[in-house]
Amino acid sequence: MDIKKIINPWAGMKGYNCFGCSPDNPFGLHLCFYEEGEDIVCRWKPSENYQGWVNTLHGGIQALLLDEVCGWVVTRKLQTAGVTSKMETRYKHPVSTCDSELTVRAHIREQMRNVVVIDATLTDSMGIICTEATCTYYAFSQEKAEREMCFRPCRVEGE
């Protein structure tokens with residue numbers, strides 16, 4: 001399947017300092033996202049800086065990764081901005097901070113007007129689904145996203 005890197009439409013914007021995806025936040029995760037068919041995908045290497053227990057990725061960081069990828073589903077697939085209104089997270093297996101790479105993946109399950117339900121998974125390098133989430137997002141109209149969220153079209157490389 002064709003994988004395309006998503007161009008962050010806010011990169012370089014004054015005041016943009018998202019902990020998850022801003023490339024300029026010195027404390028952030030610097031996440032990059034890719035489009036793979038209907039899915040938005042992110043690969044990230046954990047470290048001991050994000051542990052909850054010894055060699056275990058903090059549950060809040062896991063939730064952040066899942067929520068962030070869901071937000072990028074709205075950004076890329078719906079070409080607008082949105083906010084999380086509800087998030088249900090299921091922690092199935094511990095995530096090691098020593099793992100070489102985690103994969104976070106999400107896609108739209110259903111959409112009812114401006115309400116979007118998104119399913120997401122966090123998988124370790126062995127392919128084991130460690131954490132699952134269902135996020136309900138409220139997607140803004142494109143006009144409101146442009147006016148209040150500085151939204152610009154979200155493209156992929158080569159587009």
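Me: How many of the 19 residues of α1 are buried?
Reply: This is a predicted model. Helix α1 covers residues 59-77. The helix is mostly covered, and its count of buried residues is 14 of 19.

Me: What span does helix α1 reach from its first C-alpha to its last?
Reply: The helix has 19 residues. At 1.5 Å a residue, a span of 27 Å is expected. The model comes close to that, with α1 reaching 27 Å.

Me: Which residue with a positive phi follows α1?
Reply: Helix α1 ends at residue 77. The residue that follows the helix has a phi near 55°. That residue is Q79.

Me: Is the pair of W10 and Y16 stacked, edge-to-face or tilted?
Reply: The structure holds six aromatic pairs. In the pair of W10 and Y16, the ring centres are 6.3 Å apart and the planes stand at 35°. Stacked needs an angle under 30 degrees and edge-to-face one over 60, so this pair is tilted.

Me: Which residues do ring pairs link into a cluster with W10 and Y16?
Reply: W10 is buried, at 11% relative accessibility. Y16 is buried too, at 12%. Ring pairs link these two into a cluster with F33, W72 and F151.

Me: Is T97 buried or exposed?
Reply: T97 sits in the loop between β6 (82-91) and β7 (102-112). Leaving aside neighbours within four places in sequence, its contacts include P46, Y50 and L57. Its relative accessibility is 5%, and buried means under 20%, so T97 counts as buried.

Technical notes
Residues are numbered from 1 along each chain as its sequence is written. This is a predicted model: local features need pLDDT of at least 70, side-chain atom pairs count only at pLDDT 80 or more; totals for chains, interfaces and linings use all residues. Side-chain values use heavy atoms; hydrogens and water are left out. Rings of Phe, Tyr and Trp (its six-membered ring) pair if their centres lie within 6.5 Å; planes under 30 degrees apart count as stacked, over 60 as edge-to-face and the rest as tilted. Buried means under 20% relative accessible area, exposed over 50%, partly exposed in between (1.4 Å probe, protein chains only). Helices (H or I, at least four residues) and strands (E, at least two) are DSSP runs, numbered from the N terminus. Contact means heavy atoms within 4.5 Å. The expected span of a helix is 1.5 Å times one less than its number of residues.
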